[in-house]
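Colleague: I have a new model on my screen and would love to walk through it with you. Could we take it piece by piece?

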Amino acid sequence: MEERLNDLRAQFFEDAKSVADTDALTALRDKYLGRKSGLIAAEKKRVGSLAPQARAEFGRLVNELGDEVESEIARIKEHLAEAAASSALERERIDVTLPGTRPRRGHLHPITLLRQRIEDVFVSMGYSVEDGPEIETSFYNFDALNIPPGHPARDSADTFYVSKDLALRSQTSNVQIHSMQRRQPPLRVIAPGRVFRRDTPDPTHNPMFFQVEGLNVDRNITLADLKGTLQKFVEMMYGANLKTRFRPSYFPFVEPGAEVDFSCYVCDGTGCRVCKGSGWIELGGSGMVHPNVLLSVGIDPEEFSGFAFGLGIDRMAALMYGIDDIRLLYENDVRFLEQFA
Ligand code: DAH
């Protein structure tokens, strides 16, 4: 009798060795402890068929075996749970000493970088930086700037009109008027910002671009002040050895007006690809503020005079960085922009 149970016990422990997961454990439990077809249950059923004197002893042994199997299964269950937990720990371990992935850092746009440099130069000369509206009335866009009715600059073929009287400004010169209305002379301001013109985009034109306007109004301001200021600006931006020249030109809001060039900083004026062989690079327009402009904001031209200038930031950026198509500045292709980080 005992022999049978010893064999069953040995068989159980042999089977138990190969249990590697909870499914196998359930199968093992069913095989031995299952109520209907479990091997131990089968032994228990035999108790009734034994000779009376053997029953008690056999019954006790079967129960003992049942308890032993039960507790071994509980032990295996616990063991499996521990193994699962520690393998999960292993799998999900985080190595905090591994180098992290660096987030990509943004940076300022080349136009912004250049605008900031320009601002620094003029701020160092005592100018303040002003902002002005990009949508503007005809008064600020044209009338106050001495641009007469019927002037081509007012033409809707050149200017983006929003309504009959409102247009996207085609130059930063509108800020001259706002500044003089806001403050009394002496007045020294620059106004960098966007301007809009109905141009077909090509390598040197974009319907939106950047200018910086300058305005200096005080008693006894002369053309010499204008020349000295732009000469100093060129020296600080491009190099101390460079020269400027002023070519007479016409802009309705200045008298006299001049276009300003500076000697090429690449070839020092001898002629190269950058200055297209001329030795000079165009900087922008300038002149002495027209008396009508001063009158339009109630400043007495007999008492005050001033100079103004307007420079193209995009063209300066294109030259400075060797960009041969200014549209690249507005396409926001990171492969292009990354070069200015
Ligand atoms: N507003 C002119 C333009 O967009 C540039 C300019 C010329 C501005 C002469 C000025 C100036 O202040 O005095 O072409």
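What follows is a friendly exchange of questions and answers about this predicted model.

Colleague: Which domains does the assignment give for the chain, and how far apart are their C-alpha centres?

Modeller: Bear in mind that we are looking at a predicted model. The domain assignment splits the chain into domain 1 (2-91) and domain 2 (110-340). Between the C-alpha centres of the two domains, the separation is 95 Å.

Colleague: Let's begin with helix α1. How far does α1 reach from its first C-alpha to its last?

Modeller: Helix α1 covers residues 2-17, which is 16 residues. At 1.5 Å a residue, 22 Å would be expected. The model comes close to that, with a reach of 23 Å.

Colleague: Which residues of α1 are buried, and what arc do they cover around the axis?

Modeller: The buried residues in α1 are Leu 5, Leu 8, Phe 12 and Ala 16. They sit on the same side of α1, because the arc they cover around the axis is only 70°.

Colleague: What covers that buried side, and which exposed residues does the face turned away from it carry?

Modeller: The cover over the buried residues of α1 includes α2 (22-33), α3 (39-46) and α4 (52-91). On the face turned away from the buried side, the exposed residues are Glu 3, Asp 7 and Lys 17.

Colleague: Is Glu 72 buried or exposed, and which residues is it in contact with beyond its neighbours in sequence?

Modeller: Glu 72 belongs to helix α4. Its relative accessible area is 13%, which is under the 20% cut-off, so Glu 72 counts as buried. Leaving aside neighbours within four places in sequence, the contacts of Glu 72 are Phe 12 and Phe 13.

Colleague: I am fond of aromatic pairs. How many are there in the whole structure, and what is the geometry of Phe 12 and Tyr 32?

Modeller: A search of the whole structure turns up 13 aromatic pairs. In one of them, the centres of Phe 12 and Tyr 32 are 5.0 Å apart and the planes make an angle of 85°. This pair links helix α1 with helix α2 across 20 residues of chain, and both of its residues are buried. With planes over 60 degrees apart, the geometry is edge-to-face.

Colleague: What kind of pair do Tyr 238 and Phe 262 form?

Modeller: Tyr 238 is in helix α8 and Phe 262 in strand β7 (residues 254-263), so the pair ties together parts 24 residues apart in sequence. Both Tyr 238 and Phe 262 are buried. Their ring centres are 4.5 Å apart and their planes lie at 25°, so this pair is stacked.

Colleague: Which members of the largest nonpolar core touch the most other members, and which helix gives the most to this core?

Modeller: This core has 40 residues, and those touching the most other members are Ile 118, Phe 233, Met 237, Leu 283, Phe 309 and Met 316. The helix that gives the most to the core, with 6 residues, is α8 (residues 223-238). Apart from this core lies another of 20 residues, including Ile 147, Leu 187, Ile 299 and Phe 304.

Colleague: Which residues does Met 316 touch, beyond those up to four places away in sequence?

Modeller: Met 316 is one of the core residues that touch the most other members. Not counting residues up to four places away in sequence, Met 316 touches Leu 114, Ile 118, Phe 233, Met 237, Tyr 238, Leu 283 and Leu 311.

Colleague: Where is Ile 111 found, and what separates its C-alpha from that of Ala 317?

Modeller: Ile 111 is found in helix α5 (residues 110-124), and its relative accessible area of 3% makes it buried. Ile 111 touches Phe 210, Ile 313, Asp 314, Ala 317, Leu 329 and Tyr 330, among residues beyond four places in sequence. Although Ile 111 and Ala 317 are 206 residues apart along the chain, their C-alpha atoms are separated by 6.6 Å.

Colleague: Finally, is Arg 273 buried or exposed?

Modeller: Arg 273 has its place in the loop between β7 and β8 (280-289). The C-alpha atoms of Arg 273 and Phe 233 are 23 Å apart in space. At 82%, the relative accessible area of Arg 273 is over the 50% cut-off, so this residue is exposed.

Technical notes:
Residues are numbered from 1 along each chain as its sequence is written. This is a predicted model: local features need pLDDT of at least 70, side-chain atom pairs count only at pLDDT 80 or more; totals for chains, interfaces and linings use all residues. Side-chain values use heavy atoms; hydrogens and water are left out. Domain bounds come from an automatic or database domain assignment. A nonpolar core is a set of buried Ala, Val, Leu, Ile, Met, Phe, Trp, Tyr and Cys residues joined through side-chain atoms within 4.5 Å. Buried means under 20% relative accessible area, exposed over 50%, partly exposed in between (1.4 Å probe, protein chains only). Helices (H or I, at least four residues) and strands (E, at least two) are DSSP runs, numbered from the N terminus. Contact means heavy atoms within 4.5 Å. The expected span of a helix is 1.5 Å times one less than its number of residues. The arc is that of the directions from the helix axis to the C-beta atoms. Rings of Phe, Tyr and Trp (its six-membered ring) pair if their centres lie within 6.5 Å; planes under 30 degrees apart count as stacked, over 60 as edge-to-face and the rest as tilted.
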